[in-house]
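Welcome! Take a moment to look over the sequence and the model, and then we will walk through them together, one topic at a time.

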Amino acid sequence: MPRGDPQAPVPPRRAATPSIWIILAVPPLFWAGNFVIGRALHADIHPLALTFWRWVVAAAVLLPFTITDAWRRRATLRRHWPLLVVLCLSGIVAFQYVVYQGLQTTTAINGVLIIATIPVAIPITAFLLDGTTISARQALGIAISFAGVAIVILKGDVRFAEGLRFLAGDLWVCLAVPAWSIYSVLIRRRPNDLPPLTLLFVTVVLGIVLLAPGYALEQSVLGGFQPTVQTLAAIGYVGVFASVIAFACWNHGVAAVGAAKAGLFIHLMPVFAAILAVLFLGEQLHQFHVIGVIAIALGIWCSSTARR
């Protein structure tokens, strides 16, 4: 039996509907843009500043919809404060900061390559924390999908791997893998009487409080950023799309199908990154993109249709 809080039993999963798979495709799309922005503005906004203001924007968006409910459920929040702290530290604080810190000195392609290992790490984390196992078909789906990621990243040519150089920033991004795996597994321990958006709002506010001292120190040592149209638009994007919408969709999807199956959708990030490059950077769509997308789609289908 999965281990967890006896006062917060994990609700039984219902059969996944096609809309769940569409919802789970939204986060990697917005997170792909987050990587592009994080790398593009690495010289303009320091990591803690971008992380802090990202969540300030997210909290402002969530506030009108969740503050009343959060106050009404304050007893539930107090009872489950250890879970809230861990979710905040892993998904709100640690994951976001180490990604932005890593993008200071590494490339977006290296970052996406490392993040693409999350679907492999999530089943391991789920087994360690909850005793959850995956079927052989799910494992096969992960392997096929991961092969599709490799095709996209290596541009269909294994010789391209010779040009990949792992930098100091890659070590920072590596820390994001266990952080997100822990968040994805533990999010299913959400109390039944605590709505997902309320949970997100509370963890975001808690994250702002924890980030504030570090941000103040960073600003006093390194200085602030210039509030240009570019930087403000970037903060708005990561605060609304890569935070509120992406996290709400992810949390809903994980609750519906489980962390292992939902985690496989992270493999869509390099696909969406390639599409964004074609649309906004004028890059070309190549045959290896199509092959990689087909492999990723096949892997997702193979895993998502596996019996529980």
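## The chain as a whole

Of the 308 residues of the protein chain, 49% count as buried. Please keep in mind as you read that this is a predicted model. The secondary structure comes to 13 helices and 0 strands, so reading from the N terminus on, the elements simply run α-α-α-α-α-α-α-α-α-α-α-α-α.

How do the contacts spread along the sequence? Among contacts between residues at least 6 apart in sequence, 92% join residues at least 24 apart.

## Cavities inside the model

Let us look next at the empty space. The structure holds 3 cavities of 30 Å³ or more, and about 80 Å³ of space lies in the largest cavity. Which residues line the largest cavity? The lining is made up of Trp31, Asn34, Phe35, Arg54, Phe95, Gln96, Val99, Ile115, Ile118, Phe247, Ile266 and Met269. Two elements give two or more residues to this lining, namely α1 (18-40) and α4 (81-102).

By residue type, the lining of the largest cavity divides into 9 nonpolar, 2 polar and 1 charged. If you would like to find these residues on screen, Trp31 and Ile266 are among them.

## Isoleucine 118, one of the lining residues

Isoleucine 118 is worth a visit of its own. This residue is found in helix α6, and it is one of the residues that line the largest cavity. Is isoleucine 118 buried or exposed? With a relative accessible area of 0%, isoleucine 118 is buried, because buried means under 20%.

Leaving out residues up to four places away in sequence, isoleucine 118 touches Phe95, Val177, Trp180, Ser181 and Ile266. Two of these names, Phe95 and Ile266, also appear in the lining of the largest cavity. As for valine 177, its C-alpha atom is separated from that of isoleucine 118 by 5.5 Å, although their positions lie 59 residues apart along the chain.

## Arginine 39 and its neighbours

Now for helix α1, where arginine 39 lies. Arginine 39 has a relative accessible area of 25%, so it counts as partly exposed. What does arginine 39 meet, leaving aside its neighbours within four places in sequence? The residues in contact with arginine 39 are Leu103, Gln104, Thr105, Thr106, Thr107 and Ala108.

Leucine 103 deserves a second look. Its C-alpha atom and that of arginine 39 are separated by 5.3 Å, while the two residues are 64 residues apart along the chain. In addition, a polar atom of the arginine 39 side chain lies 2.8 Å from the backbone oxygen of leucine 103.

## A salt-bridge network around aspartate 69

Side chains of opposite charge can pair when their charged atoms come close. In this model the count comes to 3 salt bridges. Asp69, Arg72 and Arg73 are linked in a network of such bridges. Aspartate 69 meets arginine 72 in a salt bridge at 2.8 Å, N to O. Aspartate 69 also pairs with arginine 73, where the closest N and O atoms are 2.8 Å apart.

Arginine 72 and aspartate 69 both lie in helix α2 (residues 47-72). They are 3 residues apart there, about one turn of the helix. How accessible are the members of this network? Aspartate 69 is buried, with a relative accessible area of 10%. Arginine 72 counts as exposed at 54% relative accessibility, and arginine 73 is partly exposed at 24%.

## A bridge between distant parts of the chain

One more salt bridge is left to explore. Aspartate 130 forms a salt bridge with arginine 189, the closest N and O atoms being 2.5 Å apart. This pair links distant parts of the chain: aspartate 130 sits in helix α6 (residues 118-130), and arginine 189 in the loop between α8 (168-186) and α9 (196-222), 59 residues apart.

Are aspartate 130 and arginine 189 buried or exposed? Both are buried. For aspartate 130 the relative accessible area is 10%, and because buried means under 20%, this residue falls in that class. The side chains of aspartate 130 and arginine 189 also make a polar contact, at 2.5 Å.

Key: Residues are numbered from 1 along each chain as its sequence is written. This is a predicted model: local features need pLDDT of at least 70, side-chain atom pairs count only at pLDDT 80 or more; totals for chains, interfaces and linings use all residues. Side-chain values use heavy atoms; hydrogens and water are left out. On a 1 Å grid over the protein atoms alone, a cavity is a set of points where a 1.4 Å probe fits but cannot get out, and a pocket is an open set with protein on both sides within 12 Å along at least five of seven lines; lining residues have an atom within 4 Å of a point. Grid points are joined across faces, edges and corners, and a volume is the space filled by probe spheres set on the points. Helices (H or I, at least four residues) and strands (E, at least two) are DSSP runs, numbered from the N terminus. Ala, Val, Leu, Ile, Met, Phe, Trp, Tyr, Cys and Pro count as nonpolar, Asp, Glu, Lys and Arg as charged, and the others, Gly among them, as polar. Buried means under 20% relative accessible area, exposed over 50%, partly exposed in between (1.4 Å probe, protein chains only). Contact means heavy atoms within 4.5 Å. A polar contact is a pair of N or O atoms within 3.5 Å; within protein, one must be able to donate a hydrogen and the other to accept it, and residues adjacent in sequence count only if both atoms are side-chain atoms. A salt bridge is a side-chain nitrogen of Lys or Arg within 4 Å of a carboxyl oxygen of Asp or Glu.
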